[in-house]
Amino acid sequence: MKNGKFFFISFVLIVLCLLLYLFKDFLLVISIAILMAVATANINAKFLQLTQGKKVFAASLTTACIVLLFFAPFVYGVIELFKTLKNFDTVLITQTIDSLKNYQFTLPQSLAFLEPKIKEILTSLDINDLSRQILTYASSFTKSSAKFFVDMVLICIFYFFVNLYGTELIIYLKSIIPIEKKELDEVLSEVGNVMAVVLYSMVIIAIFQGFLFAIIVMIFGYNALLMGVIFSISSLIPAVGGALIYVPVSLYEFATKGLYPALWIFAYSFFVISFVADTLIKPLIIKWINKKLVKTPTKINELLIFLAMIAGISSFGFWGIILGPAILTFFISTIRLYIILKDKNLI
């Protein structure tokens, strides 16, 4: 009997290793799809009720919601951005640089020591070198966008199947894990709640920041919808975030309309959006989502989740915003599982 059990476990491990090797190039997108499905399990459950238990229909509706909410704005922003770049007049770059070089400014007495250095930097600006850098960044952006688009399509496909078969898998896992159903549900609920907090906060914060930026650029005659969508997307990019949008817009305003419009856009974007909204309001939004939008508030501190998001972005890039909190949650849940198993003398 023991030999048969050992053989079966060994066989299962070998098959699992082969399966992982088969999908080794898709492990990241599969992980993201699983975590997104865990975070939106309540949405899929609602659709299951509305469709009277039709799993394929419910999974399709849930996937459609995710596509419209997360990926459609990205596709719209990229397409419109490429249209703009296609018709972009490079003379505007030259005009902007010339305006910066020729602008006569005087700093306050307390900052006068910076004036020579700033003028030296402005004088050293070279249009040819800058154009080469812009082309390099544009090429890198194109490649990254293409890869990101492929990842999105694969995530949507795997997300659909996770919603379709996820319930059966969870039931099976519950049947083989030697823990009481109530205790296991608490641990799994903690993971699901943290993922929901991360996903919902990411969307709400991005929309909020995009809306704030759309207000200021609309005042100065820009396409508010397009600029808001692009800013929302860029706000998710590690380190630089919305600065990728408001700095070029501010420079363009400076070259075409003068100093004060540029200062308004830059100051508003930096202080109101990047500092107040991103640094001060974001933790509050996470806390509000934790209390109002998830079924059971997570016991993990909101600031810890926020730090895990930052660490995840640093380690894994864009998708680290989901992976970071997931790894933290799994670690905490593993400790809780160990305590439960130890109390029951199962290990």
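## Close-up views of helix H10 and the nonpolar cores

**View 1. Gly258 follows helix H10.** The phi of Gly258 is positive, near 110°. The model shown here and in the other views is predicted. H10 itself has 15 residues. Its span from first C-alpha to last is 20 Å, close to the 21 Å expected at 1.5 Å a residue.

**View 2. Buried residues of H10.** Ile245, Tyr246 and Val249 are buried. So are Ser250, Glu253, Phe254 and Ala255. Residues three or four places apart on an α-helix point the same way, because there are 3.6 residues a turn.

**View 3. H9 packs against H10.** H9 covers residues 224-234 and H10 covers residues 243-257. Their axes lie 8 Å apart, at an angle of about 135°. The two helices are therefore oblique to each other. H9 contributes Met227, Ile230, Phe231 and Ser234 to the contact. H10 contributes Ile245, Tyr246 and Val249. By type, the contact residues are six nonpolar, one polar and no charged.

**View 4. The largest nonpolar core.** This core holds 43 residues. Met36, Phe70, Phe71, Ile155 and Ile322 touch the most other members. Helices that each supply at least two core residues include H2 (27-39), H4 (55-86), H7 (127-176) and H13 (320-343). H8 gives the most, with 11 residues.

**View 5. Contacts of Ile322.** Ile322 touches Ile32, Leu35 and Met36. It also touches Met195, Val198, Leu199 and Met202. Residues up to four places away in sequence are not counted.

**View 6. Another core, apart from the largest.** This one has 16 residues, among them Leu212, Ile245, Ile265 and Tyr268. Ile245 is also one of the H10 residues that meet H9.

Technical notes
Residues numbered from 1 in each chain as written. Predicted model: local features only at pLDDT ≥ 70, side-chain atom pairs only at ≥ 80, totals over all residues. Heavy atoms only, no water. Axes fitted to C-alpha atoms, helices over the stretch in contact; angles between N-to-C directions. Helix = DSSP H or I, 4+ residues; strand = E, 2+ residues; numbered from the N terminus. Parallel < 35°, antiparallel > 145°, perpendicular 65-115°, else oblique. Contact = heavy atoms within 4.5 Å. Nonpolar A, V, L, I, M, F, W, Y, C, P; charged D, E, K, R; others polar. Core = buried A, V, L, I, M, F, W, Y, C linked by side-chain atoms within 4.5 Å. Buried < 20%, exposed > 50% of the residue type's maximum accessible area, 1.4 Å probe, protein only. Expected span 1.5 Å × (residues − 1).
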